[in-house]
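Ready for a few exercises on a protein structure? Have a go at each task, then read through the solution.

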Amino acid sequence: MSRTEVARGLSLTASRLSMLQRWSPFHSPRVLLSTSRLPQQHQHRHAHPPKPSISSYGIAAVAAAASSMALAMQPDNDGSSSRLTACHASSPQETSAKEQQQQQQQQQQQPPQKAGIPLEFLAGLREIVGEANITDDADECAHHGKPWSSYHKIPSVPDVVVQPGSTEDVSRILRLCWAYRIPVVAYGGATSLEGHTLAPARGVSLDMNRMNKILRVSVEDLDATVQAGLGYLDLNESLAPQKICFPLDPGPGASIGGMCACRCSGSTAVKYGTMRDNVLNVTAVLADGTVLRTGTRARKSAAGYDLTRMLIGSEGTLGVITEVTLRLRRKPERSAALRVCFPSVRQAAAAANATLQAGVEVGRCELMDDDMIRIMNQMTGEKAMEATTLLYELVGTSETTVQEQVAQVQKVVGEHGGYGLETSENAAHAVQMWRARKEALWSTQAAYPDREVMITDVCVPLSNLADLIGQTKDEIQASFLPSPLVAHAGDGNFHAFITFHPDKQDEVAEAKRLSARMVEMALAMDGTCTGEHGVGMGKIKYLEAELGPGAIKTMGTIKRALDPHNLLNPGKILHQTMDPRTGRFHLCV
């Protein structure tokens, strides 16, 4: 890589870090539609109230739908099958006479639509949220429809962006969308990776970032209730003086609602579990505007169906989460960072499993391969040894207990070929050691600024991680695409950052092959196609192979029961087909 290329990459990384300090990575997901709160460079776009939309939802939407359908039938960027598979489950020929009659009655009940988003619909939205919190500005719609974080691309974007301020606002908006049969895609921190916020059916982007309040905190009970648009970093900043925290640690910029929707985890899952283990209840709004609360603040309950867990991981397809009651934790009294190198990813992964088997109190255990370390050295100026590396966070109630943990880890890693061990000297040094891991994705994007990054996300039982990550490394070394590896080695989850030029068909095909091969190997080891990123549009093709037809059919039954018109985040999780006459999506299961 030339000095010029390195300089470009460093500049890009610095720019992105600056944005993180102000808002979130790359581009602020917190689009504030009130001009007085917008960054100055964007205010000119909102100097005048949004005009009634002439963007297509009627006649022109059919053309967009056909275009999207044509694209959908092309091979997806991370596998060999189509993004939205055509199916016959909703074919008129296979629909019973009774169902056809019901559909005709529903269509007759719909208000008449004009060539664009109905003006009376827009007027209804303005009445609910106010003029300052709605826009059909082309740039804002494109920003919400094509997030920086996803390589998935489709031609359509939302027709309008709306920012509710309360659960009641969301309920009224969804009732209005139900009446006009207009799709809704919830939008939070915009850090999801599998196309979750794309709008293949256009409609409304429901930007939750105005709902960012902490509603209550109980230090005594170690729980808090927050609105869904609140960022987890903002929550922890507020909790810090009380020496408590919400322990999950996904990508910077993630919102609590989005973390619930994608059932996220991150580097601390080895100690604290995933989002499903750290939520006591949620308040959500269903497609027809019904508001429900899924539970109480009790730490356990055997009352009724577990609606909380049903909504966590549903990716906005069953309901829009508006409030969340979270479990909080006391911050560890003492901690230390420890870094150690290994000859191979197999040995490093085996050492991580052995560390947990030894009973070490691990707060985090992250793996970075030699390619990832080399890239981070180039982009950040660090001088770490360019070898596969395990990075531990060890926690305890006293300095003595932490040092005992350090001694245990030294013994374990030594038995697995570990060398070059380094421990943190103080808290600031520990933060510096962890910085490289937090910036791994940004460093990769900065190192290859002219490439897309396909971020894979497989997870297997811990005992299989060494085999899977070793086989993946072999596949990557035989490939011509730069693809550094990182792993949450303490819970069996890892990612390859597959870099490719989207305009070079051989590279696109190779990226697809590598990604599909990783999933194939993971499923063969009783693993999953996605450990924490979710299904979105990118992983639909793998669900039946992983879960079986019975599970898929049950999911379809639940989806139809709660969202019979498929208005909530259409085109995600389950196989669907688009009707070119209406632009609407129909389930294939």
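**Exercise 1. Find the buried residues of helix α19 and work out how they sit around its axis.**

Step 1: In α19, the buried residues (under 20% relative accessible area with a 1.4 Å probe, protein chains only; exposed is over 50%, partly exposed in between) are Ile552, Gly556 and Lys559. Their arc around the axis is only 65 degrees, so they lie on the same side of α19. That arc is taken from the directions from the helix axis to the C-beta atoms. The general idea: an α-helix has 3.6 residues a turn, so residues three or four places apart point the same way.

Step 2: Now flip to the face turned away from the buried side of α19, and you meet the exposed residues Lys553, Thr557 and Ala561.

Step 3: What covers the buried residues of α19? The cover includes α18 (543-547) and β21 (585-587).

Step 4: Check the length. Helix α19 has 14 residues (549-562), and at 1.5 Å a residue it should span 20 Å, which agrees with the 20 Å between its end C-alpha atoms. The expected span is 1.5 Å times one less than the number of residues.

Before you go on, a word on the model. It is predicted, so local features need pLDDT of at least 70 and side-chain atom pairs count only at pLDDT 80 or more, while totals for chains, interfaces and linings use all residues. Residues are numbered from 1 along each chain as its sequence is written, and side-chain values use heavy atoms, with hydrogens and water left out.

**Exercise 2. Describe the chain as a whole.**

Step 1: Count the elements: the chain has 19 helices and 21 strands. These are DSSP runs, numbered from the N terminus (helices H or I, at least four residues; strands E, at least two).

Step 2: Of its 589 residues, 57% count as buried.

Step 3: Take the contacts (heavy atoms within 4.5 Å) between residues at least 6 apart in sequence: 74% of them join residues at least 24 apart.

**Exercise 3. Explore the largest nonpolar core.**

Step 1: A nonpolar core is a set of buried Ala, Val, Leu, Ile, Met, Phe, Trp, Tyr and Cys residues joined through side-chain atoms within 4.5 Å. The largest one has 47 residues, and Phe494 is among those touching the most other members, along with Leu367 and Tyr392. Helix α17 (residues 505-524) gives this core its largest share, 7 residues.

Step 2: Zoom in on Phe494. Leaving out residues up to four places away in sequence, its contacts include Leu468, Ile469 and Met518.

Step 3: Another core, of 29 residues, lies apart from this one, and Leu222 and Cys260 are among its members.

**Exercise 4. Look into the largest cavity, then at Tyr232.**

Step 1: A cavity is a set of points on a 1 Å grid over the protein atoms alone where a 1.4 Å probe fits but cannot get out, and lining residues have an atom within 4 Å of a point. There are 3 cavities of 30 Å³ or more, and the largest holds about 970 Å³.

Step 2: The lining of the largest cavity has 49 residues, with Thr191, Ser192, Pro250, Gly251 and Ala254 nearest its centre. Helix α8 gives the most, 4 residues.

Step 3: Tyr232, in helix α7 (residues 232-239), is buried at 2% relative accessible area. Its contacts beyond four places in sequence include Pro250, Gly251 and Ala254. Tyr232 and Ser255 are 23 residues apart in sequence but 5.9 Å apart in space, C-alpha to C-alpha.

Methods: 1 Å grid on protein atoms, 1.4 Å probe; cavity = no way out; pocket = protein on both sides within 12 Å on 5 of 7 lines; lining within 4 Å. Points joined across faces, edges and corners; volume = space filled by probe spheres on them.
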